[in-house]
Every structure is written in C-alpha cells, then in structure tokens.
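Thanks, everyone. I'd like to talk about pockets and cores today. Let's put the model up.

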Amino acid sequence: MNKIALVINTISKNKDIWDMFFTHIKKHTPSSFFTKKYIFVDKTDDILPDDYEVIHYDTDKKYRDQFLTGISKVQEEYCIYISEDYILYDDIIEDSIKEYMGVLKNDPHLSFVRFIKG
C-alpha cells in the first residue's frame, strides 16, 4: 500500500470548476494509487465525488486554522496537497512520486517536496 493521501483544498464559491477538476483527477490518477482522498471545503451544497472524505472548515477562521482542521484528520504517512485550480492534463508519474517519498523517508531534514513545472 502506498500510504499516500490526496488532499484537496477548495471553497464552495469555486464549485463551477469542480466537475472538470474531479473528472481530470479521475482520468489521470490510477484508482489504487491513493490510500484515501480528502476534500477540505467550507460547505457542500453540490455533490462531490463519493470516494472522498469531506472535511468542513469554518470560513471565519484564518486559512492556517482552516487547513489544520482538515490535515489533523489525515492519517496517511504522505499526502499530495492540491487546490481545485491545479488541473491535471496528463497521467501522474507514479514512479517519480514514489522516488520522492523515498527521499523524504531517508532525509529527516526534509518535510515536503513541491512539484512545480513551468
């Protein structure tokens, strides 16, 4: 098992892109890659995918505290954290992610890796 959670942070005012966002996640991510998937959101008036655990946060709190509300419930050893405006346009490269998991595991000075491509 990969012990990797997918953590998505969003807000209901951005719900107009949820369908495209979640469709692309499903299309470009192997179904068994993530141990569990989470959505941090203020409210869910609309339907979100069934295979995600929805964690509500309070919009009256600062972003930091909103995030801590959700991340404290994530039990997996590693997580990939994205917002709904990060649309996948190609398949994730599983081997690269697993390689960086090894880097994190073997170097106690590192706590995260940021994937950026410009």
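Start with the lining of the largest pocket, in what is a predicted model. That lining counts 31 residues. Nearest the centre of the pocket are Ile 80, Tyr 81, Ile 82, Arg 114 and Phe 115. The volume comes to about 1400 Å³.

Which element gives the most to this lining? It is β4, with six residues. At least two lining residues come from each of β1, β4 and α3. For orientation, β1 spans 4–9, β4 spans 78–83 and α3 spans 94–106. By class, 22 residues of the lining are nonpolar, five are charged and four are polar.

Now the second largest pocket. Its volume is about 280 Å³. Here 16 residues form the lining. Phe 22, Lys 26, Pro 49, Asp 51 and Tyr 52 are the ones nearest the centre. Helix α1, residues 18–28, gives the most to this lining, with six residues. The classes split into nine nonpolar, four charged and three polar residues.

On to the packing. In soluble globular proteins, nonpolar side chains tend to be buried together. In this model, the largest nonpolar core has 20 residues. Which of them touch the most other members? Those are Ile 4, Leu 6 and Phe 22. Phe 22 we have just met, among the residues nearest the centre of the second largest pocket. Five elements are worth noting: β1, α1, β2, β4 and α3 each supply at least two residues of this core. The most come from α1, which gives four.

A separate core of seven residues lies apart from that one. Its members include Val 7, Tyr 38, Tyr 57 and Val 74.

Back to Ile 4. What does Ile 4 contact, leaving aside neighbours within four places in sequence? The list runs Phe 33, Phe 34, Thr 35, Lys 36, Glu 76, Tyr 78, Ile 80, Ile 97 and Met 101.

Take Phe 34 from that list. Phe 34 sits in the loop between α1 and β2. Is Phe 34 buried or exposed? Buried, because its relative accessibility is 11%, and the cut-off for buried is under 20%. Not counting residues up to four places away in sequence, Phe 34 touches Ile 4, Ala 5, Leu 6, Thr 29 and Ile 80. With Ala 5, the C-alpha separation is 5.4 Å, although the two are 29 residues apart along the chain.

One last link. Ile 80, a contact of Phe 34, is also one of the residues nearest the centre of the largest pocket.

Methods:
Residues numbered from 1 in each chain as written. Predicted model: local features only at pLDDT ≥ 70, side-chain atom pairs only at ≥ 80, totals over all residues. Heavy atoms only, no water. 1 Å grid on protein atoms, 1.4 Å probe; cavity = no way out; pocket = protein on both sides within 12 Å on 5 of 7 lines; lining within 4 Å. Points joined across faces, edges and corners; volume = space filled by probe spheres on them. Nonpolar A, V, L, I, M, F, W, Y, C, P; charged D, E, K, R; others polar. Core = buried A, V, L, I, M, F, W, Y, C linked by side-chain atoms within 4.5 Å. Buried < 20%, exposed > 50% of the residue type's maximum accessible area, 1.4 Å probe, protein only. Contact = heavy atoms within 4.5 Å.
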